[in-house]
Amino acid sequence: DTKSVVPIESLDSLSVKSFPLCMRQLHEQLRAAHHLKHGGRLQYGLFLKGIGVTLEDSLRFWRDEFTKIMDLDKFEKQYAYNVRYNYGKEGSKRNYSPFSCMRIISNTVGQGDCHGCPFRHCDVSNLKNRLQGYGLDSQSIQSVVEMTKKGHFQIACSKYFDAVHNVDLGLGINHPNQYFEESQKLQGE
Ligand code: SF4
């Protein structure tokens with residue numbers, strides 16, 4: 001495995017350029033609220049592991065955000081375990097894989113949750129607003145929304161990919177980490 005290590009200092013820019021929308025929204029929510037619920041920590045934490053963020057960096061990343069709203073002791077007691085767990089360092093010590101699109105799309109997402117697939121779980125007007133806020137052109141937004149409405153969530157994701165990268169690839173997206181790798185490839189890493 002020659003995958004390079006991704007420093008957490010680059011996550012803000014990567015989230016804009018190379019994260020699928022499901023992960024971009026979790027990243028932004030974490031930065032804004034300094035917290036994510038369990039489902040979000042799991043989905044985003046495993047994704048970060050998958051792109052090449054080390055355990056040490058992951059701990060620092062979550063700690064830096066969470067300790068903006070809680071003391072260090074609480075973070076260490078209630079949250080650090082989960083970060084290590086994602087890396088197979090606690091509990092049954094399994095090497096957990098990042099979730100696929102199928103897994104994420106079939107998740108149940110409650111009110112106030114930010115995990116899941118935004119094409120599946122966000123309402124369309126929110127989705128539209130967000131894409132406008134990101135500066136996507138209206139034609140691209142239209143095609144994303146159209147696929148979303150038809151229930152073709154992964155095709156909507158592929159349209160989002162094309163819009164962000166200004167290409168017309170029509171990739172089949174089946175995993176958020178695959179999305180990331182395709183994006184990095186396109187940008188010459
Ligand atoms: Fe994430 Fe997959 Fe949904 Fe795209 S289709 S936003 S990669 S879960």
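**Helix α11 and the ligand shell**

The buried residues of α11 are covered by elements that include α2, α7, α8, α10 and α12, contact being taken as C-beta atoms, placed from the backbone, within 7 Å, and helices as DSSP runs of H or I with at least four residues, numbered from the N terminus. The model is predicted, with local features requiring pLDDT of at least 70 and side-chain atom pairs counting only at pLDDT 80 or more, whereas totals for chains, interfaces and linings use all residues. Residues are numbered from 1 along each chain as its sequence is written.

Eleven of the 13 residues of α11 are buried, so this helix is largely enclosed by the rest of the structure; a residue is buried if 20 or more other C-beta atoms lie within 10 Å of its own. Among these buried residues are Phe153, Ala156, Cys157, Lys159 and Tyr160. Just after α11, Asn166 takes a positive phi of about 55°.

In the largest nonpolar core, a set of buried Ala, Val, Leu, Ile, Met, Phe, Trp, Tyr and Cys residues joined through C-beta atoms within 7 Å, Leu26, Ala156, Cys157 and Tyr160 touch the most other members of the 34. The largest share of this core, eight residues, comes from α11. Leaving aside neighbours within four places in sequence, Leu26 is in contact with Leu36, Gly40, Gln43, Tyr44, Cys114 and His115.

The ligand is surrounded by 15 residues, of which Pro20, Cys22, Cys101, Cys117 and Cys157 are the closest, where a residue counts as near if its C-beta atom, placed from the backbone, lies within 6 Å. At least two residues of this shell are supplied by each of α2, α7, α8, α11 and α12.

Methods: Buried ≥ 20, exposed ≤ 12 C-beta atoms within 10 Å, placed from the backbone. Contact = placed C-beta atoms within 7 Å.
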